[in-house]
Amino acid sequence: MISDYQYNRARNILVQVGSHTAGVSHPKHTQGTGSPESHGRQLLREARDEFRQLDANLPDLRSGMTQAHYNAIHQAANTMTISQW
């Protein structure tokens with residue numbers, strides 16, 4: 001399970017670097033019950049795919065993204081303690 005705090009913090013990290021998909025996702029308010037890890041993985045996958053599309057023709061990409069987007073994805077994943085997405 002992912003706590004609301006972890007999910008919302010990861011979501012905010014992605015929004016701050018320009019993720020529209022993270023921005024339209026709803027903040028979690030589960031009154032302490034948390035959310036399945038699959039929700040966090042979906043958030044990461046959507047932002048990753050969005051960043052890869054946005055960054056496609058830019059130089060110096062890492063895994064298809066700018067360094068800033070790459071770092072944000074990994075920071076968000078670490079915040080939710082997700083290692084595979």
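At 32% relative accessibility, E37 counts as partly exposed, and this residue makes a good way into the model, which is a predicted one. E37 pairs with R41 in a salt bridge whose closest N and O atoms are 2.8 Å apart. A search of the whole structure finds two such bridges, and the notes below take them up before moving on to helix α1 and two loop residues.

**Salt bridges**
- R41 and E37 are four residues apart in helix α3, so about one helical turn separates them.
- Like its partner, R41 has a place in the intermediate class: its relative accessible area is 26%, which makes R41 partly exposed.
- The side chains of D49 and R48 also meet in a salt bridge, at 3.1 Å from N to O.
- Within that pair, D49 is partly exposed at 41% relative accessibility, whereas R48 counts as buried at 17%, because the cut-off for buried is under 20%.

**Helix α1 and its surroundings**
- Helix α1 runs over residues 4–16, and its 13 residues should span 18 Å at 1.5 Å a residue; the end C-alpha atoms are indeed 18 Å apart, so the two values agree.
- Which residues of α1 are buried? They are D4, Q6, Y7, N8, A10, R11, I13 and L14.
- The cover over these buried residues includes α2, α3 and α4, the last of these spanning 67–79.
- Y7, one of the buried residues of α1, has the charged end of K28 sitting over its ring, 4.9 Å from the ring centre.
- For aromatic pairs, the structure holds zero.
- After α1 comes G18, with a positive phi near 100 degrees.

**S19, in the loop between α1 and α2**
- S19 belongs to the loop that links α1 to α2 (20–24).
- Is S19 buried or exposed? With 4% relative accessibility, S19 counts as buried.
- A polar contact of 2.8 Å joins the side chains of S19 and E50.
- Beyond its neighbours within four places in sequence, S19 is in contact with L14, A47, E50 and F51.

**Q31, in the loop between α2 and α3**
- Q31 lies in the loop leading from α2 to α3, a helix that covers 37–55.
- Its relative accessible area is 70%, so Q31 is exposed.
- The side chain of Q31 reaches the backbone oxygen of H29 at 3.3 Å.
- Q31 and Q16 are 15 residues apart along the chain, and their C-alpha atoms are separated by 25 Å.

Key
Residues numbered from 1 in each chain as written. Predicted model: local features only at pLDDT ≥ 70, side-chain atom pairs only at ≥ 80, totals over all residues. Heavy atoms only, no water. Helix = DSSP H or I, 4+ residues; strand = E, 2+ residues; numbered from the N terminus. Buried < 20%, exposed > 50% of the residue type's maximum accessible area, 1.4 Å probe, protein only. Polar contact = N/O pair within 3.5 Å; in protein donor to acceptor, adjacent residues only side chain to side chain. Contact = heavy atoms within 4.5 Å. Expected span 1.5 Å × (residues − 1). Phe/Tyr/Trp six-rings, centres within 6.5 Å; stacked < 30°, edge-to-face > 60°. Lys NZ or Arg CZ within 6 Å of the ring centre and 35° of its normal. Salt bridge = Lys/Arg side-chain N within 4 Å of Asp/Glu carboxyl O.
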